2 protein chains.
Amino acid sequence: MSLELTPVQAVACCAPLAREPLSESDAEGIAPLLKALADPVRLRLMSLVASHQGGEACVCDLNDAFELSQPTISHHLKILHEAGLLDREKRGVWVYYRARTGALRNLAALIGGQAA
Amino acid sequence: MSLELTPVQAVACCAPLAREPLSESDAEGIAPLLKALADPVRLRLMSLVASHQGGEACVCDLNDAFELSQPTISHHLKILHEAGLLDREKRGVWVYYRARTGALRNLAALIGGQAA
DNA sequence: GGAAGACATTGATGAATGTAAATATTTACG
DNA sequence: CGTAAATATTTACATTCATCAATGTCTTCC
């Protein structure tokens with residue numbers, strides 16, 4: 001176990017935005033998660049994976065959904081994976097990504113949670 | 001009324017990420033909202049305003065919460081305002097910002113909404 | 001009207017970001 | 001083994017971004 005929190009661990013640590021002021025360190029932990037989501041391509045990638053049958057999708061399927069180069073899609077997937085929003089599993093030649101729905105729920109609770 | 005949607009209007013338009021694949025145009029409408037939130041300073045600003053008594057806060061209070069120049073805070077507030085996350089009202093010499101909690105709730109529903 | 005205070009805008013700069021081309025790595029299959 | 005296919009990494013580049021210093025605008029009060 002590491003002392004460094006992944007962004008996804010960081011988001012489970014604090015009260016909703018509207019409940020009490022976010023601390024500086026908490027904000028610095030959470031911002032990378034939002035930054036990972038704050039791109040149209042990555043938003044669609046997350047949605048494609050999360051809504052895909054079985055909760056996972058193969059990179060081969062994802063590449064075809066965009067008019068972007070394969071390295072670019074790979075780059076975006078890496079960012080989502082390193083943020084902790086996507087799990088990665090290699091099966092044979094193919095790589096499957098799976099959405100961490102718990103992370104999405106925690107993030108949603110932080111953003112939209114009740115004030116009191 | 002304009003044909004151009006503000007980011008905050010754009011977020012009310014679609015099913016949760018995990019329910020069905022986000023369209024390209026929807027993703028391009030929502031990403032700016034997340035980008036506006038995806039900064040530690042702006043996250044804290046949103047939280048400070050949203051959790052402040054009365055749901056609003058004066059810029060004078062906000063400036064003191066950071067070790068950043070006044071123009072920098074003004075810049076971040078403008079970004080949050082243009083994204084539609086903060087309302088702006090001038091009263092005398094002071095300017096008050098108010099959190100659009102509905103926008104935050106819509107965004108949370110989009111991110112963390114049930115798959116089915 | 002002039003000075004002071006609150007906030008916004010402009011201009012400049014270094015850092016981070018999205019993308020693609022080229023290349024590398026890994027796996028399967030003959 | 002050697003070739004093909006799937007995915008990742010490296011390198012390079014143009015764009016965007018966060019920040020500050022300087023300046024501008026607007027309001028209040030003397």
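The following questions and answers go through strands, a helix, an interface and salt bridges in a predicted model.

Residues are numbered from 1 along each chain as its sequence is written, and chains are lettered from A in the order in which they are written. Local features need pLDDT of at least 70 and side-chain atom pairs count only at pLDDT 80 or more, whereas totals for chains, interfaces and linings use all residues, and side-chain values use heavy atoms, with hydrogens and water left out.

Student: Along strand E3 of chain A, which side chains point to one face and are buried?
Tutor: Strands here are DSSP runs (E, at least two residues) and helices likewise (H or I, at least four), numbered from the N terminus, while buried means under 20% relative accessible area, exposed over 50% and partly exposed in between, with a 1.4 Å probe and protein chains only. In a regular strand the side chains alternate between the two faces of the sheet. In E3(A), residues 94-99, Trp94(A), Tyr96(A) and Arg98(A) point to one face and are not buried, and pointing to the other, buried, are Val95(A), Tyr97(A) and Ala99(A).

Student: How many bridges pair strand E2 of chain A with E3(A)?
Tutor: Two strands pair if DSSP finds at least two bridges between them. One bridge partner in E3(A) is Trp94(A), which faces Arg91(A), and the hairpin of E2(A) and E3(A) has 2 residues between the strands, with Gly92(A) at a positive phi near 65°. E2(A), residues 86-91, runs antiparallel to E3(A), and the number of bridges is 6.

Student: Which residue of E3(A) is the bridge partner of Glu56(A), and how far apart are the closest N and O atoms of their salt bridge?
Tutor: Strand E1(A), residues 56-58, is joined to E3(A) by 3 bridges in the antiparallel sense, and the partner of Glu56(A) is Arg98(A). A salt bridge is a side-chain nitrogen of Lys or Arg within 4 Å of a carboxyl oxygen of Asp or Glu. For Arg98(A) and Glu56(A) the closest N and O atoms are apart by 3.0 Å.

Student: Is Glu56(A) buried or exposed?
Tutor: Its salt-bridge partner Arg98(A) has a relative accessible area of 36% and is partly exposed. Glu56(A), at 15% relative accessibility, counts as buried.

Student: In chain B, what is the N to O distance between Arg91(B) and Glu56(B) in their salt bridge?
Tutor: Arg91(B) is partly exposed at 33% relative accessibility, whereas Glu56(B) is buried at 15%. The closest N and O atoms of this pair are apart by 2.6 Å.

Student: At which residue does helix H2 of chain B bend?
Tutor: The bend at a residue is the angle between axes fitted to the seven residues ending there and the seven starting there. H2(B), residues 24-37, has 14 residues, and its buried residues include Ala27(B), Leu33(B) and Leu37(B). A bend of about 25° is found, with Pro32(B) following within four residues, at Ile30(B).

Student: How many salt bridges does the rule find across the interface of chain B and chain A?
Tutor: Contact means heavy atoms within 4.5 Å, and 31 residues of chain B are in contact with 31 residues of chain A. Buried area is the accessible area (1.4 Å probe) that two parts lose on being put together, summed over both; between these chains it is about 2,600 Å², of which carbon and sulfur atoms give 76%. The structure holds 8 salt bridges over all chains, but across this interface the number found is 0.

Definitions and conventions. Expected span 1.5 Å × (residues − 1).
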